[in-house]
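Visitor: Please take me through one part of this model closely, strand by strand and helix by helix. I would like to know what lies beside what.

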Amino acid sequence: MAKFHIPKSNRPVPLLEPRIAALTAVMFVIFGLVSVRLYYLQVLHHRENVELADRNRIRIQRVPAPRGLVFDRNHRPLVDTKPSFDAQLVPEDSDNLSLTIERLERYTGAGQIADKISDADDEGRPPYEPVTVAERLGWQQVVALEAHQLELPGVSLQITPARHYLYGELAAHLLGYVGEVTKNDLIQKADYHMGDEIGKFGLERVWESSLRGDAGGQEIEVDSVGRRLRVLKEIADKPGESIVMTIDLNLQQAAEQAMAGKNGAFVALDPRNGDVLAMVSHPAFDPDIFGGGVKASAWRELATDPNHPLQNRVIQGIYPPGSTFKIVDSIAGLEEGTLSPETAYHCPGGLWFGGREYHCWRHQGHGTIELHDAIVRSCDVYFYNVGEKLGVDRIAKWSNQLGLGIKTGIDLDHENPGTIPSSAWKLKRFHERWYPAETLSVAIGQGYVATTPLQMAQVAAQVANGGIRYRPQFVKYVEGLDGNIAKSYPPVIENRIKIDPDALEIVKDAMADVVNGAGGTAHRAHLDNVIVCGKTGTAQVVGSNAPVGESEAEDKTPEQFKDHAWFIAFAPKDHPTIAAACIIEHGGHGGSASAPVIHDVFQRYFQLNPPPPKPEIARVLEDASPSQ
């Protein structure tokens, strides 16, 4: 039997120790690198990584506070807030941001979402902070986003308080509007954040600090695509304080209705304290369109409208005051001693001065006429003579005393002071001396003279109250969250003119007959139960050639050449509680275009605030009441 022999090998047996040593060394190196990396991540950058992890799961969301409400003087709401559905996007939650944006634009109809994200990043948006990309979504858009939520990673719906103007265009220029903060706002106001709303215009802008409130916050947990799972912690917001205005909703509505379809301005003041009772500038705009960002097409339409609906004509529109300025001439002449109630001038229909004829609006003239009738019939020739005797500098002095040529101080932006010329003014402005003939135009409220409707309402108020010029105010008080008055605004006297009461009574009597007397030019402002005092005026439009008088046939004048129609008034005569000014652009004559507006508003005012009974009636009532 053969034996099996294993052949002997001459190859050397490999040694394991070096390999084991090498492998061990590699493992130590790997473990070392891992340890260094872990040390780097978990020790050196522990805080940052924890924060990033939390941000991926836990988000801090800012909750804007509802703005304060706005009420009229009788505490009826004019402006409030309502819930708004806004779409927010966290770009970091989306793996395919372009596709998400495309779908979001399709479902919401919103545009320029990519630009909004880019703008937010340019303004320093922190990672995982949401960007509001579509605001004030309708119900269908909300349903679409909810139904396609899985297709929209990083998109969420946020309910925010949105400004709501209850009566649309009513008092739009007074209330103003809000809009989203701009880059400049963020630079100037450190406590504002992207997407915040801020008052841009009118009361909303001026009382921003009271209306805004303090934002709250929520700590929320989200899932892997950014959907809200639950609220972990919440800091309540603090709503803004409310504003109670001086305007009366009923009176404002009456004024808006009286001005419907007309371009111009109306303002009513309380001559006892300067409160603004109503203010209308037409055409107006709807403040609601600015909430959530005005659309480009809407803004273009407003900005290019030739009727300038964004302009507040009450404080920014400057017009020659026309014959309403004769009230200023009369007070100045009586106070300076160049005029008396018996002063008479002859009006043949014009006055020759400096080689040319200055026409009266009544071509056949008024004959020989005294002050009372000159105001009632608005004789131009009479006031050419009054102006010549006064001189432009004394007219300017009394105009300024009555508040013309200077800002009223109302808390609204971009008020125009108007122009009251003087010899010094012309020398400074045009480097020319004043010519006496120019004074004649000034005396009838033409030439360089330019005033705002608010200033002319102040003139009426000063005649009514004896010469006190109050600063016009449209806010009565700020109401705190507890319902108490946080801040009130008492009347502010800007100037107190020393006017002889007898002189004022002469002017008042004449203004009463403008409305109620024979030959007056404003019978359409007459009220049965109240004596209304007023003065009409027609301001020539640039480019108009033919002289136009108070009784010219308006229908024959082309629309673009029709004069601006003025009327200023106050009532009742003895104890005035309302003063007003109205101008209708291209309205023709003050008596036919503006007087009816003030008639309607005053009628409504005295329906709401009945005048006290006449003395004889009051006596009868007093005698009868004890026995009954």
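Guide: Two strands are said to pair if DSSP finds at least two bridges between them. The model is predicted, and the description below should be read with that in mind.

Start with the sheet. It is open and has five strands, which follow one another in the order β12-β11-β23-β22-β21. The pairing throughout is antiparallel. At the edges are β12, residues 276-282, and β21, residues 533-539, each of which has a partner on one side only. From one strand to the next, the twist averages 5°.

Now take one pair. Six bridges join β11, residues 264-269, to β12, and the two run in the antiparallel sense. As a place to look, find A265: the residue opposite it is S281 in β12.

Helices also pack on this sheet. One of them is α10, residues 249-258, which touches β11, β12 and β23, the last being residues 578-584. The direction of α10 makes about 30° with that of β12. Another is α19, residues 453-465, in contact with β11, β22 (564-571) and β23. Its direction makes about 145° with the direction of β23.

From here, move to α13, a helix of residues 326-336, and its contact with α20, residues 501-516. Their axes come within 10 Å and cross at roughly 150°. Because an angle over 145 degrees counts as roughly antiparallel, α13 is roughly antiparallel to α20. The crossing is right-handed. On the α13 side the contact involves I327, S330, I331, L334 and E335, and on the α20 side A503, L504, I506, V507 and M511. Sorted by class, these residues are eight nonpolar, one polar and one charged.

The same helix, α13, also meets α16, residues 392-401, with axes that come within 9 Å and cross at roughly 110°. Angles from 65 to 115 degrees count as roughly perpendicular, so α13 and α16 are roughly perpendicular to each other. Here α13 contributes V328, D329, I331, A332, E335 and E336, while α16 contributes R394, I395, K397, W398 and S399. This contact divides into five nonpolar, one polar and five charged residues. I331 and E335 are listed in the contact with α20 and again in the contact with α16.

Note on methods. Residues are numbered from 1 along each chain as its sequence is written. This is a predicted model: local features need pLDDT of at least 70, side-chain atom pairs count only at pLDDT 80 or more; totals for chains, interfaces and linings use all residues. Side-chain values use heavy atoms; hydrogens and water are left out. Helices (H or I, at least four residues) and strands (E, at least two) are DSSP runs, numbered from the N terminus. Axes are lines fitted to C-alpha atoms, for helices over the stretch in contact, and angles run from 0 to 180 degrees between N-to-C directions. Contact means heavy atoms within 4.5 Å. Angles under 35 degrees count as roughly parallel, over 145 as roughly antiparallel, 65 to 115 as roughly perpendicular and the rest as oblique. A crossing is left-handed if the near helix is turned anticlockwise from the far one by less than a right angle, and right-handed if clockwise. Ala, Val, Leu, Ile, Met, Phe, Trp, Tyr, Cys and Pro count as nonpolar, Asp, Glu, Lys and Arg as charged, and the others, Gly among them, as polar.
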